[in-house]
Amino acid sequence: MKLLVTGGAGFIGSNFINYWLKNYPDDFIVNLDKLTYAGNLENLKDLKNNQNYKFIKGDICDFDLVNELISDKVDLIVHFAAESHVDRSLMSSRDFVRTNVEGALSLLDAAKNNGGVRFHHISTDEVFGDLSLAGKAFTEKSPYNPRNPYSASKAAADHLVRAYYHTHGLPVTISNCSNNYGPYHFPEKMIPLFITNLLEGKRVPLYGDGKNIRDWIYVDDHNRGVDFIIKKGKIGETYCLGGNGEITNIELTKKILKLMDKGDEMIEFIEDRPGHDLRYAMDYSKAKNELGWQPQISLEQGLAQTIDWYKNNRQWWQNVKSGDYQEYYKKQYQGNV
Ligand code: NAD
Ligand code: TDX
């Protein structure tokens, strides 16, 4: 099988490519990535000599390029490419709409144009908005209620994907997953930012009162879920994936501090994120009952593995932190940490 993976130089996409070629070494993957600040070919260094892997630097909004790539006998498109950081979407939303909405449309058109190529779209729990503490976890039937520019752009893409299924019969599936963590996670997101700050002897910037809740899933569990959907999912359907990992940010921070032998004095409470969603949680019963998927890695195990990875891969994150991220970081925290 030949796959076109978009955004395969980013966090989840690169983990997906490494996972896929380990499990299906006879498949061929073309990785299309623009290499924005978040794309890093170091994530794929183990594939340098793999004959079944090819990297193309390019933009998913470039219809002629994606059309040409897909026309070369692609069987399956797995679409990860996105602007993915909520805080950046608050500072400037234009790239989010361009890549997340127009880019998805360009891929959908090219898939349709080439006889209806199978299309799996990677989406997020954030499209459902936020939950109260007593609210039931999101399911595939939860109404859409995106509340920040990032999630609004992802929601728009989800709607387009479903529209292409209903109007053009494009064979699509969608997965909406909760917060991922693991190796190659860009250190602007909470877990890798906190781990790397602590490794540098810096404090960790916790937004507001730290009582917001996220449902964390280890990245390999997410990618195994995508694999199950590709292999066994029903065309036209959406599947929610979650990690059984609901925890407040403050509790999670304390777990990280404990695992890294640091004290609570390393926490710096800073101004809250505007429009900060209180809680996300995923009910993955549909994926469990229909596909036999469930997450396998507990938060305790995954966090310990992730901390070890950052300890053993200093060069990777030090390079990342000394690049574009540095400028962003200064602006974001105004020298707070
Ligand atoms: P990331 O920011 O780490 O990686 C995104 C990748 O897309 C980068 O390699 C970047 O270079 C590439 N890209 C951006 N714009 C592009 C364009 N116009 N053309 C081609 N490539 C482009 O993101 P991530 O955290 O790996 O997220 C991957 C996908 O998973 C996204 O669609 C995101 O919405 C979704 N998702 C993420 C999470 C999470 O916790 N990180 C959870 C659920 C869903
Ligand atoms: O410095 C920080 N301090 C802090 O308290 C950062 C970066 C985050 N936070 C809080 C905000 C959130 O409640 O931690 C929580 C997690 O924040 P992020 O890592 O930025 O993730 P989140 O905003 O929840 O979005 C993530 O999950 C859903 C991904 O970035 C999205 O791409 C995905 O769709």
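# Close-up views of the predicted model

**View 1. Helices and a strand around ligand 1.** α1 (11-23), β5 (118-124) and α5 (149-168) each contribute at least two residues to the shell around ligand 1. Helices (H or I, at least four residues) and strands (E, at least two) are DSSP runs, numbered from the N terminus. β5 gives the most to this shell, with three residues. The model is predicted: local features need pLDDT of at least 70 and side-chain atom pairs count only at pLDDT 80 or more, while totals for chains, interfaces and linings use all residues. Residues are numbered from 1 along each chain as its sequence is written, chains are lettered from A and ligands numbered from 1 in the order in which they are written, and side-chain values use heavy atoms, with hydrogens and water left out.

**View 2. Residues and polar atoms at ligand 1.** Ligand 1 is surrounded by 28 residues, the closest being Ile12, Asp33, Ser84, Tyr150 and Lys154. A residue is near a molecule or strand if one of its heavy atoms lies within 4 Å of it. By class, the shell holds twelve nonpolar, twelve polar and four charged residues. Ala, Val, Leu, Ile, Met, Phe, Trp, Tyr, Cys and Pro count as nonpolar; Asp, Glu, Lys and Arg count as charged; the others, Gly among them, count as polar. A nitrogen atom of ligand 1 lies 2.9 Å from a polar side-chain atom of Asp59. An oxygen atom of ligand 1 is 2.8 Å from a polar backbone atom of Phe80, and an oxygen atom of ligand 1 is 2.7 Å from an N or O atom in the side chain of Ser84. Of the 840 Å² of accessible area that ligand 1 has on its own, the protein covers 97%. Accessible areas come from the Shrake-Rupley method with a 1.4 Å probe; for residues, only the protein chains shown count as cover.

**View 3. Residues and polar atoms at ligand 2.** The 23 residues that surround ligand 2 include Thr124, Tyr150, Pro205, Arg273 and His276, which are the closest. α3 (86-91), α6 (190-199) and β8 (204-207) each supply at least two residues of the shell. The residues of this shell divide into ten nonpolar, seven polar and six charged. An N or O atom in the side chain of Tyr150 is 2.6 Å from an oxygen atom of ligand 2. A polar side-chain atom of His276 lies 2.7 Å from an oxygen atom of ligand 2, and a polar backbone atom of Met190 is 2.8 Å from an oxygen atom of ligand 2. Ligand 2 taken alone exposes 650 Å², of which the protein buries 94%.

**View 4. Helix α1 and its packing.** α1 has 13 residues and reaches 19 Å from its first C-alpha to its last, close to the 18 Å expected at 1.5 Å a residue. The expected span is 1.5 Å times one less than the number of residues in the helix. Eleven of the 13 residues of α1 are buried; buried means under 20% relative accessible area, exposed over 50%, and partly exposed in between (1.4 Å probe, protein chains only). Among the buried residues are Phe11, Ile12, Phe16, Tyr19 and Trp20. The buried residues of α1 pack against β1 (2-6), β2 (28-33), β3, β4 (76-79), β7 (180-181) and α7 (219-232).

**View 5. Helix α5 and its two ends.** The end C-alpha atoms of α5 are 28 Å apart, in agreement with the 28 Å that its 20 residues should span at 1.5 Å a residue. At the start of α5, a side-chain oxygen of Asn148 reaches to within 3.1 Å of the backbone nitrogen of Tyr150. Gly169 follows α5 and has a positive phi, near 70°. Buried residues of α5 include Tyr150, Lys154 and Asp158. The buried residues of this helix pack against α3, α4 (94-113), β5 and β6 (172-177).

**View 6. Ile60 and the adjoining helix α2.** Ile60 is found in the loop between β3 (53-57) and α2 (63-71). Ile60 counts as buried because its relative accessible area is 5%. Leaving aside neighbours within four places in sequence, Ile60 is in contact (heavy atoms within 4.5 Å) with residues including Thr6, Leu32, Val66, His79 and Leu107. Val66 is one of the buried residues of α2, and the buried residues of α2 pack against β1, β2, β3, β4 and α4. α2 is followed by Lys73, whose phi is positive, near 60°.

**View 7. Glu188 in the loop between β7 and α6.** Glu188 counts as buried because its relative accessibility is 4%. The side chain of Glu188 makes a polar contact with the side chain of Tyr37 (2.8 Å). A polar contact is a pair of N or O atoms within 3.5 Å; within protein, one must be able to donate a hydrogen and the other to accept it, and residues adjacent in sequence count only if both atoms are side-chain atoms.
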